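Student: I would like to work through a protein model with you. Please keep each answer short and finish it on the value or name I asked for.

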Amino acid sequence: QLGKLVLLVGDAGSGKSGIAFQLAKNTSKSVIFLDARRLGETKSNTDFRNHFDLNGDLGEGIMRLASAKGCRIIIDQLDNSIGLPVSDLLIDLVFDVKYQDGVEVIIISRKREAHEKQFLKKLSPDKGFVELNSNPLSEELVKSLLHEIGISSPSQIIIEMGKNLLNLEIISRIVQENPTIDISKLNSEVDLWGEYISVIKIREGNHGDAILSEAIKLATLGIQAE
């Protein structure tokens, strides 16, 4: 509403993409939602045009939308593209259209690792960006939500892990699948994810091992890639 460019940052699982979904849903403007993870192979503006099946430049298309009914651009998962050509292309696109009347810009990224912090210096206040944080849940809210799913006396470790929305969802799924579990035995995120793997195996039956195998393969590729 203030006509500012917004950079929304926060840790993985803190709810940034959920906020992006609400921003995409609750507007009368045209929305262009760009998930940077899906644009990893994009190396030029021509690739942008091909991705969106456009005859002309993406920036020009955005400006036409903005002049007609306004345009909200949401770039999610930017941190997953940092180091690839598409990250610079996305920033160049934003700067090309940011002065067009009717254009709103929200960029969403983690800002934890050194390379993330370095890249996001490009989106500084002097470039028109306002940085907002997607904060963890409060301890009081976590206790209330844990009580709702049947954990009446959670340990402080469980409460701290539950401040992250992703962890809280995993705790909920574990309890849903195994109501008799002693949740106090989960003393770290490693324990939490280990128990979640067991839940996946139970829930997916014969497909469980295949899903986990594929996840491990993709994770290995991600670690080895630039």
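Student: How many of the residues of β4 are buried?

Tutor: This is a predicted model, in which local features need pLDDT of at least 70, side-chain atom pairs count only at pLDDT 80 or more, and totals for chains, interfaces and linings use all residues. Residues are numbered from 1 along each chain as its sequence is written, and side-chain values use heavy atoms, with hydrogens and water left out. Buried means under 20% relative accessible area, exposed over 50% and partly exposed in between, with a 1.4 Å probe and protein chains only. On that scale strand β4 is mostly covered, the buried count among its 7 residues being 6.

Student: Which strand pairs with β4 over 4 bridges?

Tutor: Strands (E, at least two residues) and helices (H or I, at least four) are DSSP runs, numbered from the N terminus. Two strands pair if DSSP finds at least two bridges between them. Here L8 has I108 of β4 as its bridge partner. The strand that runs parallel to β4 and is joined to it by 4 bridges is β1 (residues 5-9).

Student: How many bridges pair β3 with β4?

Tutor: Two of the partners in β4 can be named: R72 is bridged to E104, and I75 is bridged to I107. The strands β3 and β4 (residues 103-109) pair in the parallel sense, and the number of bridges is 5.

Student: In which sense do β2 and β3 pair, parallel or antiparallel?

Tutor: One bridge between them can be named, since V31 has R72 of β3 as its partner, as DSSP assigns it. Over 6 bridges, the sense in which β2 and β3 pair is parallel.

Student: Why is β3 described as largely enclosed by the rest of the structure?

Tutor: Both faces of β3 are covered. On one side C71, I73 and I75 are buried, and on the other R72, I74 and D76 are buried. Strand β3 (residues 71-76) is therefore largely enclosed, the buried count being 6 of 6 residues.

Student: How many salt bridges are there?

Tutor: A salt bridge is a side-chain nitrogen of Lys or Arg within 4 Å of a carboxyl oxygen of Asp or Glu. One example joins R37 to D35, whose closest N and O atoms are 2.8 Å apart. D35 is buried, at 12% relative accessible area. By this rule the count of salt bridges is 13.

Student: How far apart are the closest N and O atoms of E139 and K143?

Tutor: The two residues are 4 apart in helix α6 (residues 139-148), so about one helical turn separates them. E139 is partly exposed, with a relative accessible area of 24%, and K143 is partly exposed as well, with 40%. They form a salt bridge, and the distance between the closest N and O atoms is 3.5 Å.

Student: Which residue meets R173 in a salt bridge?

Tutor: R173 counts as partly exposed at 31% relative accessibility. Its partner lies 4 residues away in helix α8 (residues 165-177), about one turn of the helix. That partner counts as partly exposed at 39%. The N to O distance is 3.1 Å, and the residue is E169.

Student: Which residues are joined into one network by salt bridges that share partners?

Tutor: Two of these residues have already appeared as bridge partners, R72 in β3 and E104 in β4. With the salt bridges that share partners, the network is K29, R72 and E104.

Student: Is L120 buried or exposed?

Tutor: L120 is in the loop between α5 (114-119) and β5 (129-133). Contact means heavy atoms within 4.5 Å, and, not counting residues up to four places away in sequence, L120 touches L7, V9, L78, S109, R110 and K111. Its relative accessible area is 4%, so L120 is buried.

Student: What is the relative accessible area of T42?

Tutor: T42 is found in the loop between β2 (30-35) and α2 (45-52). Not counting residues up to four places away in sequence, T42 touches D47, F48, P85, V86 and L89. T42 is buried, and its relative accessible area is 5%.
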